[in-house]
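Me: Could you take a close look at one part of this model for me, and then set it against the rest of the chain? I'd like the reasoning spelled out as you go.

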Amino acid sequence: MTGLLEKDIRIILSRKQALYIFLLMGVVFGFTMGGEFIFGYLPFLFTILAISTISYDEINNGYSFLLTLPVDEKIYVQEKYVFCILAGISSWILSIGIYLISNVTKGTLMPIGELIPMFFCFLLMIFLFPSIMVPIQLKFGIERSRIVMTIIAGVFMVIPLILEKIVPKASLISWIEKLDAVSPSAVFLVLVVVVCIAVTLSYLISVNIMKKKEY
C-alpha cells in the first residue's frame with residue numbers, strides 16, 4: 001500500500017499549480033467569509049484532488065498494470081480510502097489553523113472548549129466525503145461521475161423543500177426542539193456510528209465494483 005500512496009502523492013504534487021490556487025483561495029475565504037465555511041471548502045477540494053487520482057489510474061489501462069504488482073482490488077480500494085482520509089485530515093488541520101488565525105485577528109475567537117465539538121463534527125463529515133465519492137468515481141468514471149454527483153446534489157437540495165411541503169411546520173418545530181434537548185455527547189456518538197457504518201458499506205461496495213471491472 002505504501003507504494004500506491006507514494007504514487008498518488010506524486011500525482012498530486014505534479015499538480016502544484018492547482019494545489020497552490022486552492023490553498024490561496026482557502027486563506028482568502030477563511031479571512032473574508034464566515035469562519036465555518038473554510039471547514040467545508042478546503043476538505044472538499046482536497047478530497048476531490050485525492051479522488052481525481054483514480055482517473056489517472058484508468059488512463060492507458062492503468063488498472064491492468066497496477067494489478068500485475070503485488071496489489072489486488074481490496075488493497076487498491078483500501079489505499080484510496082486511506083489517501084482520501086489523509087488528504088481530508090490534512091486539510092482539516094489546515095482549516096483549523098486558518099480559522100483560529102482569522103478569528104484572532106478579528107477578535108472574535110470563542111473559547112477553545114466550545115470550538116472542539118465543532119472541529120470534530122466537521123472531521124466526521126470529512127470521512128463521509130470519500131464514502132460517497134469513491135464508489136461513484138470507480139463505477140462511473142470521471143465524466144459520468146460528475147453527472148451523478150450533480151444529480152445527488154440536486155436531490156439533497158430538493159428533499160428539504162419536499163419535506164417543508166409535506167410535513168406540517170408545527171411537527172418540524174417539535175422535532176427540532178426534541179433534537180435540541182438531546183445531549184451533545186449522545187448526538188456525537190450517533191454521528192460516529194453512522195459515519196463508521198457509511199464508510200464500511202462504501203468500502204464494501206467499492207471493492208465489489210473493482211472486482212467486477214474488466215481490464
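Reply: Let's take helix α1, residues 2-13, in this predicted model. With 12 residues at 1.5 Å a residue, α1 should span 16 Å, and its end C-alpha atoms are indeed 16 Å apart, so the expected and modelled lengths agree. Which residues of α1 are buried? They are Leu4, Leu5, Asp8, Ile11 and Ile12. These residues cover an arc of only 120 degrees around the axis, so they sit on the same side of α1. If you turn the helix to look at the face directed away from that buried side, you will find the exposed residues Thr2 and Arg10.

Helix α3 makes a helpful companion to this picture. It takes in residues 37-51, and the same check on length works here: 15 residues at 1.5 Å each should span 21 Å, which agrees with the 21 Å between its end C-alpha atoms. As for its surroundings, 11 of those 15 residues are buried, so α3 is largely enclosed by the rest of the structure. On your display, the buried residues to pick out are Ile38, Phe39, Tyr41, Leu42, Pro43, Leu45, Phe46, Thr47, Leu49, Ala50 and Ile51.

Now move along to helix α9, residues 184-212, where you will find Ile197. This isoleucine has a relative accessible area of 47%; buried would require under 20% and exposed over 50%, so Ile197 counts as partly exposed. It also belongs to a nonpolar patch on the surface, together with Leu189, Val193, Leu201, Leu204 and Ile205. Taken together, the residues of this patch have about 570 Å² of accessible area.

Since you work at the bench, you may also be curious about the cysteines. How many disulfides does the structure hold? The count is zero. Cys84 has a relative accessibility of 1%, so it counts as buried. Cys196, on the other hand, is partly exposed, with a relative accessible area of 45%.

Finally, here is the setting for these parts. The protein chain has nine helices and zero strands, so to speak an α-α-α-α-α-α-α-α-α order when read from the N terminus. Of its 215 residues, 33% count as buried.

Terms used. Residues numbered from 1 in each chain as written. Predicted model: local features only at pLDDT ≥ 70, side-chain atom pairs only at ≥ 80, totals over all residues. Heavy atoms only, no water. Helix = DSSP H or I, 4+ residues; strand = E, 2+ residues; numbered from the N terminus. Expected span 1.5 Å × (residues − 1). Buried < 20%, exposed > 50% of the residue type's maximum accessible area, 1.4 Å probe, protein only. Patch = residues over 30% accessible without salt bridge, like charges linked within 9 Å, V, L, I, M, F, W, Y side chains within 5 Å. Areas by Shrake-Rupley, 256 points an atom, 1.4 Å probe, with all protein chains shown as cover. Salt bridge = Lys/Arg side-chain N within 4 Å of Asp/Glu carboxyl O. Disulfide = S-S within 2.5 Å. Arc of directions from axis to C-beta.
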